[in-house]
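Reader: I'm new to this and I'd like a slow, close look at one part: the empty space inside a protein. Please start there and then show me what surrounds it.

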Amino acid sequence: MNTRDTLSVNGNGHLQIGGVDVKDLASLYGTPLYVFDKAYIKNICKFFSESIDKHYGGFGKIFYASKAFSCKEIYRIVGDMGLGADVVSTGEMFTALSVGFNSENMCFHGNNKSFADLKYAVENKIGYIVIDSLSEIDDIIKICKELKTRQKVLLRVNPGVEAHTHHYIQTAKPDSKFGFSIENGDADIAAKRLVAADCIDFCGLHCHIGSQIFEKTSFGIAVDKMTDYYKKITDVYHANLSVLNLGGGFGIYYADGDPKFTPEDYADYVKTVCERLNESVYKKGIKKPYLILEPGRSIVGEAGITLYTVGRIKKISGLKNYLSIDGGMFENPRFALYQAKYSVVAAERLQDKPQIKYTIAGKCCESGDIIAEDVFLPEMREGELVAVLSTGAYNYSMASNYNRNFIPPVVMVENGKSYLCVKKQDFNDIVRNDI
Ligand SMILES: *Cc1c(COP(=O)(O)O)cnc(C)c1O
């Protein structure tokens, strides 16, 4: 099952997601609307988890990187599927904790966690805090002394592998805002401090080599470099490590040119990592670490679509056809941020030939407010529905109230039924904090 399976066309030529006609969803909940196929999310979680169980002897866990899509319901779903969660703010932590998510199975990341953030994490017994600067070590010690407790931590390092979509580069460039470079010795300084730190259990290492990655080579190289370093700080600094967190970054299909991955392909990624790790551990004589992987986009990205109603259509002869929709960069800023590509379909007329080239424009007061450029659709009419596909990751989670627009509601569908999991905003939400 991939996006193409979660989506289908019914006898009326309408798009269906999870067995529900999008026309019905639009009438029930209005547009713009984020829709997620719950069965798809659960299925991907299952494939990821089963693969780590099968190829790493069950000695590991998938932590959903919740910055991709965070709301109460997604923590319930991934929690029920036995996953942990990776969080990057107290807001994400609070959301997860508010639905009873097991705090032990959480990793807290970030390059600028404040004293208050760290205190919140320690108080709430978050499984691992991922160390990303030297002074936060001092803060954690202080907090633990005050609360008479201990805290488990991982050290975020840069292994010098950077992956981008179809390529990877091995770099020694230690200029990322995240983590400590192995290459220039910064990681050693942090590791030494952690070994000596009171109240801190220095449990392991973390890296995250990029996002929207399609080739396995970079993950293999990351395993090699991370296990080398794991061995070094065990041997040289006598750190008593037991955890290796290799981050996320598995790619998804957005538009022509991207590979189409199935859950089996994701399971295969995990298998590659596990096999390489088993091999490295054996060859280097390391005690087998507990493995954590943190996929975000690949769990929710293709599970989600966004429905819009077509508004004004502006044909600038010889130049462009603008098709304006009732959403925009306030609910999907990814084109504006990095020219992200999307597939767009005429959701009520999938049988009609796409023959006209459109630029899909949002309603914000900003020329750069585009959702997709150069997409082919049938001749469109005002009031019809369009769907943008693969919007499950980094859309709702990046939404804002720009131009005082309402953040759209989120709906889950499963087995032909739908339910609301984030309500639509209204005027009261818009002025809620205004004085
Ligand atoms: C963003 C991020 C992830 C998830 O990345 P995806 O590309 O969504 O899989 C995992 N771990 C860390 C530390 C991240 O910053």
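Author: With a cut-off of 30 Å³ or more, the count comes to one cavity. Keep in mind that you're looking at a predicted model. How do you find a hole like that? Rolling a probe the size of a water molecule over the atoms shows where empty space is left. The largest cavity comes out at about 50 Å³.

Now for its walls. The lining is made of Cys207, Ile209, Phe219, Ala222, Val223, Leu246, Gly247, Phe250, Val273 and Leu293. Helix H9, residues 217-237, gives the largest share of that lining, three residues. You can pick them out by their numbers: Phe219, Ala222 and Val223 fall in that stretch. As for character, the lining has nine nonpolar residues, one polar residue and no charged ones. The polar one is Gly247, because glycine is put in the polar class here.

Two of those wall residues lead us on to the aromatic rings. Phe219 and Phe250 line the cavity, and they also belong to one aromatic cluster with Phe48, Phe214, Phe261, Tyr266 and Tyr269. Just before Phe261 in the numbering comes Lys260, which lies over the face of Tyr253 at 4.9 Å from the ring centre. Phe108 has a similar visitor: the charged end of Lys113 sits over that ring, 5.9 Å from its centre.

Rings pair up with each other too, and the count comes to 16 aromatic pairs. Take Phe69 and Tyr396: their ring centres are 5.8 Å apart and their planes meet at 75°, so this pair is edge-to-face. Phe69 sits in the loop between strand E5 (60-65) and helix H4 (72-80), while Tyr396 sits in the loop between strand E22 (385-389) and strand E23 (410-414), so the pair ties together parts that are 327 residues apart in sequence. Phe69 counts as buried, at 0% relative accessibility. Tyr396 is buried as well, with a relative accessible area of 18%; the limit for that word is under 20%.

Another pair is Tyr75 with Phe101, where the centres are 6.0 Å apart and the planes stand at 80°, so you can call this pair edge-to-face too. Tyr75 is in helix H4 and Phe101 is in the loop between helix H5 (90-97) and strand E7 (106-108), which makes this a link between distant parts of the chain, 26 residues apart. Both Tyr75 and Phe101 are buried.

Back to empty space, but this time open space. The second largest pocket holds about 390 Å³. Its lining counts 21 residues, and Ser343, Val344, Val375, Phe376 and Leu377 lie nearest the centre. Strand E19 (344-346) and strand E21 (370-377) are the elements that give two or more residues to this lining. The largest share, six residues, comes from E21. By class, the pocket's lining splits into 14 nonpolar, two polar and five charged residues. Set that beside the cavity, whose lining has no charged residues.

Next, the backbone. Here's a handy rule of thumb: most residues other than glycine have a negative phi, and most peptide bonds are trans. So which spots go the other way? His238 has a positive phi, near 55°. His238 brings us back to the cavity's helix, as its place is in the loop between H9 and strand E15 (243-245). At 63% relative accessibility, His238 counts as exposed. Lys125 also has a positive phi, near 55°, and is found in the loop between helix H6 (115-123) and strand E8 (128-131). Lys125 is exposed, with a relative accessible area of 56%.

For the peptide bond, look at Thr31 and Pro32: they are joined by a cis bond, with omega about -10°. Pro32 lies in the loop between helix H2 (22-29) and strand E4 (33-37).

Let's finish towards the start of the chain. Three strands make an open, antiparallel sheet there, in the order E1-E2-E3. Strand E1 (7-9) and strand E3 (20-21) are at the edges with a single partner strand each, so one side of each has no neighbour in the sheet. E1 pairs with strand E2 (residues 15-17) over three bridges in the antiparallel sense, and Ser8 stands opposite Gln16 in E2.

Definitions and conventions: Residues are numbered from 1 along each chain as its sequence is written. This is a predicted model: local features need pLDDT of at least 70, side-chain atom pairs count only at pLDDT 80 or more; totals for chains, interfaces and linings use all residues. Side-chain values use heavy atoms; hydrogens and water are left out. Rings of Phe, Tyr and Trp (its six-membered ring) pair if their centres lie within 6.5 Å; planes under 30 degrees apart count as stacked, over 60 as edge-to-face and the rest as tilted. Helices (H or I, at least four residues) and strands (E, at least two) are DSSP runs, numbered from the N terminus. Buried means under 20% relative accessible area, exposed over 50%, partly exposed in between (1.4 Å probe, protein chains only). A charge sits over a ring if NZ of Lys or CZ of Arg is within 6 Å of the ring centre and within 35 degrees of the ring normal. On a 1 Å grid over the protein atoms alone, a cavity is a set of points where a 1.4 Å probe fits but cannot get out, and a pocket is an open set with protein on both sides within 12 Å along at least five of seven lines; lining residues have an atom within 4 Å of a point. Grid points are joined across faces, edges and corners, and a volume is the space filled by probe spheres set on the points. Two strands pair if DSSP finds at least two bridges between them.
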